[in-house]
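User: I'm new to this, so please give me a close look at one spot on the outside, and then show me what the inside has to offer.

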Amino acid sequence: MTALALRRGQRDVSQEFEGDILELQRYFGDVQGQGEVRVYPALGLNVPLYILGSSTESVFLAGRLGLPYAFAAHFAPRMLEMAVEIYRNEFKPSTVLDQPYVMICNNVLVADSQEEAHFLASTQQQLFWDLVRGVSRGMQPPVPDMDALWTIQEKYAANSMMNASLIGDKVSIKAQLIGFQAKYQADELIAINYIFDEEKQLKSYSLLKEVVEGL
């Protein structure tokens, strides 16, 4: 039984995601809820579980199990609105949550000026451009003109994965955040940015903190 719990075997577990979640909840649960196999030191810790999705496949499961749901809009924004709506409609209260809890991960890049923000964002654009082309170069320095690099088709494909991104100076980001929140009513926003220069990256997060504190 222990070997089976450790997935030793040839079983296809891709269709057993829901059972795996329930199993993990049991392992981290209280003593009285355990079965034949017990996991130490997990027992009794009740570690919270979150369902992460980038499409609508896992959102039904998150709603049915009454678990918090995090959507990866930082690379798959196309189904964000639909996924959030489905989750809230399908949500069933559980021992974990009384009501839906939506987390949204998004690209948020803040700089001193609009021009600098969009210049720095070209590193992010190159990352998604590489993804479209099946190339892995890692983080690249910003460039003044992406149109000199990618084709129209590559630009369209890459931008489709970034079209929820929030990019700009503090004034612009404040307005974008307010609009984003008005539309999605997220309980939590997970912010990420792809800035080549680490000092500028840290400054971007610091500026974002100032914006959020001023809301």
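**From the surface to the core**

Analyst: Let's start with valine 212, which counts as partly exposed because its relative accessibility is 45%. Here, buried means under 20% relative accessible area, exposed means over 50%, and partly exposed is in between (1.4 Å probe, protein chains only). Before going on: this is a predicted model, where local features need pLDDT of at least 70 and side-chain atom pairs count only at pLDDT 80 or more, while totals for chains, interfaces and linings use all residues. Residues are numbered from 1 along each chain as its sequence is written, and side-chain values use heavy atoms, with hydrogens and water left out.

Valine 212 belongs to helix α9, residues 198–213. Helices (H or I, at least four residues) and strands (E, at least two) are DSSP runs, numbered from the N terminus. On the surface, Val212 joins Ile178 and Leu215 in a nonpolar patch, and together they have about 280 Å² of accessible area. That area comes from the Shrake-Rupley method with a 1.4 Å probe, and for residues only the protein chains shown count as cover. Patch members have over 30% relative accessible area and no salt bridge; nonpolar side chains (Val, Leu, Ile, Met, Phe, Trp, Tyr) are joined within 5 Å, like charges within 9 Å. A salt bridge is a side-chain nitrogen of Lys or Arg within 4 Å of a carboxyl oxygen of Asp or Glu.

Now head inside. In soluble globular proteins, nonpolar side chains tend to be buried together. The largest nonpolar core has 31 residues, and Ile21, Tyr69, Leu80, Tyr87, Ile104 and Ile173 have the most contacts inside it. Helix α9 turns up again: along with α3 (59–65), β2 (69–72), α4 (80–90), β3 (102–110) and α8 (170–184), α9 supplies at least two residues of this core. The largest share, 5 residues, comes from α4. Such a core is a set of buried Ala, Val, Leu, Ile, Met, Phe, Trp, Tyr and Cys residues joined through side-chain atoms within 4.5 Å.

There are rings to look at too. The whole structure has 5 aromatic pairs. Take tyrosine 87 and phenylalanine 91: their ring centres are 5.8 Å apart and their planes are at 75°, so this pair is edge-to-face. Rings of Phe, Tyr and Trp (its six-membered ring) pair if their centres lie within 6.5 Å; planes under 30 degrees apart are stacked, over 60 edge-to-face, and the rest tilted. Both tyrosine 87 and phenylalanine 91 are buried, and with Tyr69 and Phe71 they make up one aromatic cluster.
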